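Me: Could you take me through this structure step by step, with the reasoning spelled out for a beginner?

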2 protein chains.
Amino acid sequence: MNRKGWAILMRSKMKPTTTTTNQHLFNKLPISNEVGLTKPSSQGNQFSQNPSSSMQNPERELKVVQASMHSSISTSKTDIIDSVLNDFSEGYFSLSIQKRQELLLVLAREYDVNRTQVRELIHQYLGLEPPVGEKGQASGLDESLLSAFYRTERNLRHALQPKYEILFERLNTHPGGLKFLTILRADLLSMLAKENIASLRALDSYLKEKLATWLSPAALELHHITWDDSASLLEKIVAYEAVHPISNLLDLKRRLGVGRRCFGYLHPAIPGEPLIFIEVALLKNVAQTIQEVLWDDPPTPESEASCALFYSISSTQPGLAGINLGKFLIKRVIELVKRDMPHVSTFATLSPIPGYMQWLLSKLASQSKLAESEAGYTPHMSDGRSGSTFRENILHPEEEAALMELSEEFSFGKNGMEVMWNLLTSRNYEWTSSERLLSVVQAPLMRLCARYLLQEKKRGKALDAVANFHLQNGAMVERLNWMADRSEKGLCQSGGIMVNYVYR
Amino acid sequence: MNRKGWAILMRSKMKPTTTTTNQHLFNKLPISNEVGLTKPSSQGNQFSQNPSSSMQNPERELKVVQASMHSSISTSKTDIIDSVLNDFSEGYFSLSIQKRQELLLVLAREYDVNRTQVRELIHQYLGLEPPVGEKGQASGLDESLLSAFYRTERNLRHALQPKYEILFERLNTHPGGLKFLTILRADLLSMLAKENIASLRALDSYLKEKLATWLSPAALELHHITWDDSASLLEKIVAYEAVHPISNLLDLKRRLGVGRRCFGYLHPAIPGEPLIFIEVALLKNVAQTIQEVLWDDPPTPESEASCALFYSISSTQPGLAGINLGKFLIKRVIELVKRDMPHVSTFATLSPIPGYMQWLLSKLASQSKLAESEAGYTPHMSDGRSGSTFRENILHPEEEAALMELSEEFSFGKNGMEVMWNLLTSRNYEWTSSERLLSVVQAPLMRLCARYLLQEKKRGKALDAVANFHLQNGAMVERLNWMADRSEKGLCQSGGIMVNYVYR
């Protein structure tokens, strides 16, 4: 490439443009959320509140949209169903987030399970003899009685489906409908994050199950994303990259070039927009810092690579939160790389630890308080969460001593935990500029990080969302890397520590 | 193309070769069944009984296959699941159809719904107050009680899913698994056609619902099939064409060439094999005979076409019987043609009437008997089926007279209906070679055909499978065409009559 070309690629940050035409309402880029985070980021719903959309598409009366929702569910005329669904989705997009919530409450409550029918079927069902009796012996029913039993059971199963199932099914087979449903679910999640409304949660849980079925990995196409792909697709990669933001076009080009791979899962009904994508670096060894992955120059010749390092995986649809597409994506990418590059034998990640600092700071604060007023407290049992009221020695004596020694110098903190808290929350991460401070905090930070990753659980799952994702997929924690990501994001999330998970 | 090329294309019938290697067991071509036929053809299962397959892949012990089926359902180890599923599917294919039936009976009975759990949940459920009371007013429950209600309802819905759901779900995300499930269902249908076993019917009904969800049109890709497609894909078109068999490669090439279109629905998990495909001719007018569609020479220049005629639609998977993919295919093809060729304004079919002769002959036979012994019978109410015991005048007086006039000449038949029955069942369709005979039977054959298509119903659906398919999709009967298909198949199915359905 000539000098001018490079200059253009390097020139400026690449950001998705804000589109304001009507037809882009469907495509307006929501901000990505990282894989494994089950709560949508508060920005996930940006487009819903974007004032430009309602300006371009004037808000309709809620009643009018509700009427088109009703028709979408109840019409039996196949020739008008498409226009009715278009009408409904346009109407939905014209509404403010508050009006959308009112509409979804109507959907959840008035198009719910028909419970009169369910009760009738339950009574029928309980009156029939099942194929196998209580004691496990066959009931000896003849085939026609058995048929009646299975039929009633199936009818009961169907009756337990809410009526809004019809709307979801119809939208799924409607052009643009699947994408609409993911946006609708992103809205639902942002509403539920603010207020827990039981009927909306039931609606969300049902929609999530439907989306998980429709987006089964068998229906997804693995696409090798390259510099030859369309700008509109590559723009989405830039917009959705959640782990290590892409700084400019040159950065993007590197990530798609020699020694690098990028793969995405595409669904036929959402063309040109990967639902999730993964970035891979082909290296001689498992990398220990993100800098050597993002900016190694020149890259390792591919024939010398023995490690495929997954350094970023981003899901693009906030409305698919909690649906694990990444597991299958990683599995298929491993198969593909193994087949194409038999000399690659190690499959590992270099992953962020997004929840570590939050957990640690809360732990330090609560334990420091407990330590101070220990005499006045009766220890309680741990409730298993950070911020516990159960007093524990989270620092080793030599760590405590080293931190208190600092304290004399810096003169803040009544105990090691408070000193550490103050250091870690100092302005501009000052602690990372001093060799002395770094050497003191390294040992406790690394040790507690291992504990956080391996021992801290919530409902049986690793507390850290990314750790939970990889461990659930069958990977193992291989190594913690000190000062592996010195970016502001890396320091803020995990004090610069990154972790290698290995897939065997 | 040079003369030699043509000669090769014309040379011989093109049939799929019988493959005997192991890896083709998955792909062995089942014979296609026509769209709308809900019963699988008895040939649909050919491959199951193909002795060559068990010779190549020696039959395993049923117990061994059953054990791998059990592991496929019960293992929780993600790293071995693929090999367990491979083991199970290979084992399944090694079994004879009888052994497969035994295995599927075990699946249906021992991995069924957990009814103890269902009963417990029903009792819990009935003890909870629903969100809306019997009289329609909100119950005024607080959110936590409502949550408990929704949770119990969801648990009950989940508990009503049989345990074999897990096997289906796992196979669906396993490479080759979706295809395997369609073969498994084809087996089930052929077993059920021989014997109605309630537990197998429940298994089939559940699997059909799952397949319908996974193969939702949103997950399918519309592919324009051309002469540039791979031989392996085109071979499948030849093998599966169910309506008008493709006689040789030249015939195939015409159907993909100028003035013709062929579109198929492909699923990402079943590559290179359309699940259903449709053949379209671009014509000046709605064609009245199949000969002018198959052998018009030269074809209408595409710029002069005003009609897109759907002359063949074939589904390739007997295991997808009853899942209407054709409806969406036709809809999408209409949209596509409209967009690309705005001068095409008529969308019609030239369709066979596969059930007409069978219905008519049965009607003629039963009514002729009733007519003969009328004095001795008390008329019954019609039971709505052909072969009714309700006496009716199915021939008009002038038709009766014309047929009886023939009778003197041909000297067989005590009444018009018997004469007609004898004519229609004469060897080699002799009646079609005589102008005299043709002119006598045309009026009653055409009139009764209209009645058959428009008035004869079974459970509210048109009795004729193809008629039911198009009418359900929103098309209308436009015109009946006399002697529109003089092939043996056409004469046998519908006395050579074909019908135009029009999509508006």
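**Two chains and their contact**

Me: Which residue of chain B forms a salt bridge with A:D82?
Reply: This is a predicted model, and across the interface of chain A and chain B the rule finds 4 salt bridges. In the one that involves A:D82, the closest N and O atoms are 2.8 Å apart, which lies inside the cut-off of 4 Å used for a salt bridge. The partner of A:D82 is B:K331.

Me: Which element gives the largest share of the side of chain A that touches chain B?
Reply: Besides those salt bridges, the interface holds 15 residue pairs in polar contact, with both residues at pLDDT 80 or more. On the side of chain A, the elements that give two or more residues are α7 (115–126), α8 (143–159), α11 (198–214) and α15 (326–340). The largest share, 10 residues, comes from α8(A).

Me: How much area do chain A and chain B bury between them?
Reply: The size of an interface is often given as the accessible area lost when the parts come together. Here the contact takes 53 residues from chain A and 53 residues from chain B, and 57% of the buried area is on carbon and sulfur atoms. Within the part that chain A buries against chain B, A:R119, A:Y150 and A:R157 supply 14%, more than any other three residues. The area that the two chains bury between them is about 4,400 Å².

Me: Is A:R115 buried or exposed?
Reply: A:R115 lies in helix α7 of chain A, and its side chain is joined to that of A:D112 by a polar contact of 2.8 Å. Among the residues that A:R115 touches across the interface are B:Y125, B:F149 and B:E153. Because its relative accessibility is 12% and the cut-off for this class is under 20%, A:R115 counts as buried.

Me: What is the average pLDDT of chain A?
Reply: In chain A, 83% of the residues score at least 70, but over residues 12–55 the pLDDT is below 50, although this stretch has 89 contacts in the model beyond near neighbours in sequence. Residues 377–387 of chain A also have a pLDDT below 50, with 15 such contacts. Where pLDDT is low, the predicted coordinates should not be read in detail. For chain A, the average pLDDT is 85.

How values were computed:
Residues numbered from 1 in each chain as written. Chains lettered and ligands numbered in written order. Heavy atoms only, no water. Contact = heavy atoms within 4.5 Å. Buried area = accessible area lost by both parts, 1.4 Å probe. Salt bridge = Lys/Arg side-chain N within 4 Å of Asp/Glu carboxyl O. Polar contact = N/O pair within 3.5 Å; in protein donor to acceptor, adjacent residues only side chain to side chain. Helix = DSSP H or I, 4+ residues; strand = E, 2+ residues; numbered from the N terminus. pLDDT = per-residue confidence, 0-100. Buried < 20%, exposed > 50% of the residue type's maximum accessible area, 1.4 Å probe, protein only. Lists of a residue's contacts leave out its neighbours within four places in sequence.
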